[in-house]
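Thank you all for making the time this morning. I would like to walk you through one model, and I will try to keep to what can be read from it.

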Amino acid sequence: MSEATAEKLVYERPHALLPVVTNYCPGCPHGIVIRLVAEVLDELGVEGEAVGVAPVGCAVMAYDFFGCDMIEAAHGRAPAVATGVKRVHPGNVVFAYQGDGDLASIGMAETVHAATRGENITVIFINNAIYGMTGGQMAPTSLPNQVTQTSPYGRDVDTAGYPVRVAELLSSLDGVAYIERVTVDKPASVRKAKKAIRKAFETQIAGRGYSMVEVVSTCPTNWGMTPQDSFEWMRENMLPYYPLGVKKDVVADGFENAAEAALARAAGCPIAQPKGAE
Amino acid sequence: MAEKVLMKGNEALAEAALRAGCRFFFGYPITPQTEVAAYMSKRLPQVGGTYLQAESEVAAINMVYGASAAGARVMTSSSSPGISLKSEGISYMAGADLPGVIINIQRGGPGLGGIQPSQSDYWQATRATGHGDFQIFVFAPSTVQEMADCAYEAFDIADRYRIPVMILGDGLLGQMMEPVALPEQRDLSSLPEKPWATSGHRGERAHNVANSLYLTAEELERLNIERYERYQAIKDAEQRCEEYLVDDADIVIVAFGASARVARSAVNAAREQGIRAGLLRPVTLWPFPESAVSAAADSAKALLAVEMNMGQMVDDVRLVANGRVPVEFFGRTGGVIPTPAEVLAKIVEINERSGE
């Protein structure tokens, strides 16, 4: 055996990631998460069945990055668009990739209702507490006292209210099978994030119900920090407000899927029982 | 000829859509179109289709966008205020060249308006169903039979030209019952192939993308110009209207939908008085039947637009007439339906003036 053939390939572009240059700023974690999703599509062998829905925001061009079929949605509407696709092709693997303004502000109604319907889709949610694409305005997830272009004196909770903890909010809904909050600030976190993304897609493929992974992220450009300082600021300020971890996992709770868990929760409600039940 | 059954306009439309191969419906309740959704919620599960009540009109049209991108024959229905909410999604459908059928059973406006029949969304349907450079195809049925026929054909038009198609009805047509001969069920395996659909590439082709974003101005301009070339082909091939006693008419009424029913009675009454009146009834509002209206502008002494609004289609009549002949307007609005006597009085007034 020659030395050349003994070389072990440890890193290559995932097939589901097209060989294109992304539009992300230097140090932006979007590229990491996009790659993780592509790796998972590869590993599960579902690129050919996958249909992705891109948002409006920094990931707006994601339809040019993923090799699977892609749809560009209107701002906030990705879960509704994904619903339309999944209802037509229940066997397809359908995911939406959204930021905090898209998912938790203008698209909150679509987000909540797709989750409560138990749409069998996967949502990858990038929470970096700011509107990146438009140049750094206050987001629904901007922290109290966080300075942005439209909260120049810091987010005043008396007038602007409080940030939304999306993972916790959606975890209260019966249609949800799996929700985990992760981050990608260091190799160990990236590995954990990938596991969560993979589990979310597996949840969909098993037909268990709605799955979402919230990725606590950064925006070096609009936060005005180096990538390293951004992660430090994120660990110091965001993670206490947005604690990492599994927020809902119906399988870990002992159920087959979201529907079974919902039924158990509604045990005392006669009309909510399955038709034909004694 | 199929056996005739007595049906409400909204239900005839819904059944015809099913028979055209529509298997997906996303909607939201609003008067006076609710029978469409109710009918679909009952029938779609019986034929293996999907009815989904969306959380909003906005979500419903975006589900239509997704289902259409995925290759399905898909429909939504609403009434005026709900159509305003859908206009965002309709613009995106137009920008991504996605087919789909949108029903507007109009009610009075603006704002919450009323729930009585109206035609005050003519401008919205033909000019501005959302932002940007685009048109949608607009049918204007006038009978329950036509509600069914237009719905049946709408899906073919939408697929052929990759364009959103609207059926612009109103509360009167939606709620009234008439005998209708329903079209045959389309063989679903005979529906057009959609190689552009985002339904998973199965490793057999490059990825498909449904998108309306083009950040290079010249590219967006080129795509808009190409789309308008397609629109011109539609204008050349698809203008439809019904002519009634137009050939020898001195006064030609132009009216669509419910107001055309009233106008037809007024034309008959005018003829009984010896006034040569006729009716030109657009069945497509976009493309507007320019050829027929232009011919009438050459042959008649006056044109009279009769509408259930403050005067909207009359703009198109004037554009086509281009000063060749006086163009008058009569309308009632806010949900009031004009009477044949009112329209007759207007015909008589125009006749006396043009005789002077």
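Let me begin with a question: how many bridges join β1(A) to β2(A), and do the two run parallel or antiparallel? Four bridges join these strands, and they run parallel. Before I go further, please bear in mind that this is a predicted model, and that everything I say about it should be heard in that light.

Staying with β2(A) for a moment, the bridge partner of A:Gly52 in that strand is A:Met70. The side chains of β2(A) are worth a look on your screens: A:Asp69 and A:Ile71 point one way, A:Met70 and A:Glu72 point the other way, and all of them are buried. As a general matter, side chains in a regular strand alternate between the two faces of the sheet.

What does β2(A) pair with in chain B, and in which sense? The partner is strand β9 of chain B, residues 209-210, and the pairing is parallel, over two bridges. Within that pairing, A:Ile71 stands opposite B:Ala210.

This leads to the sheet as a whole, which is open, has eight strands with mixed pairing, and runs in the order β7(A)-β5(A)-β6(A)-β4(A)-β3(A)-β1(A)-β2(A)-β9(B). At the edges stand β7 of chain A, residues 245-249, and β9 of chain B, and because each has a single partner strand, one side of each is left without a neighbour in the sheet. Helix α3(A) packs on this sheet, where it touches β1, β2, β3 and β4 of chain A, and its direction makes about 175 degrees with that of β3(A).

Now to the contact between the chains, in which 28 residues of chain A meet 34 residues of chain B. On the chain A side, β1, β2, α3 and α5 each supply at least two residues, and α3(A) gives the most, with eight residues. Sorted by character, the residues on that side of chain A divide into 15 nonpolar, seven polar and six charged.

A few words on chain A overall, which has 11 helices and seven strands. Its radius of gyration is 19 Å, which agrees with the value near 19 Å that a compact globule of 278 residues would have. The C-alpha atoms of chain A fill a box of roughly 70 × 60 × 30 Å along the principal axes. Buried residues make up 51% of the 278 residues, and among contacts in chain A between residues at least 6 apart in sequence, 67% join residues at least 24 apart.

Turning to chain B, I would start with helix α1, residues 9-19, which is mostly covered, since 10 of its 11 residues are buried. Among the buried residues of α1(B) are B:Gly9, B:Asn10, B:Glu11 and B:Leu18. The helix is followed by B:Gly21, whose phi is positive, near 105 degrees.

Chain B also has an open sheet of seven strands, in the order β3-β2-β4-β5-β7-β6-β13, with mixed pairing. Here the edges are β3, residues 50-53, and β13, residues 284-286, each with a single partner strand, so one side of each is left without a neighbour in the sheet. On average, neighbouring strands of this sheet are turned by 20 degrees against each other, direction ignored. Inside the sheet, β4 and β5 of chain B run parallel and are joined by four bridges, with B:Ser77 standing opposite B:Ile103 in β5(B). Helix α4 of chain B, residues 80-95, packs on the sheet and touches β4, β5 and β7 of chain B, its direction making about 160 degrees with that of β5(B).

My last stop is a single residue, B:Pro282, which lies in strand β12 of chain B, residues 277-282. Why does B:Pro282 count as buried? It has 28 C-beta neighbours inside 10 Å, and the cut-off for a buried residue is 20 or more. Leaving aside residues up to four places away in sequence, B:Pro282 touches B:Ala140, B:Cys241, B:Val254, B:Phe256, B:Phe288 and B:Pro289. B:Ala249, by comparison, is 33 residues away from B:Pro282 in sequence and 17 Å away in space, C-alpha to C-alpha.

How values were computed:
Residues numbered from 1 in each chain as written. Chains lettered and ligands numbered in written order. Predicted model: local features only at pLDDT ≥ 70, side-chain atom pairs only at ≥ 80, totals over all residues. Contact = placed C-beta atoms within 7 Å. Nonpolar A, V, L, I, M, F, W, Y, C, P; charged D, E, K, R; others polar. Pairing = 2+ DSSP bridges. Rg over C-alpha atoms; globule rule 2.2 N^0.38 Å. Buried ≥ 20, exposed ≤ 12 C-beta atoms within 10 Å, placed from the backbone. Axes fitted to C-alpha atoms, helices over the stretch in contact; angles between N-to-C directions.
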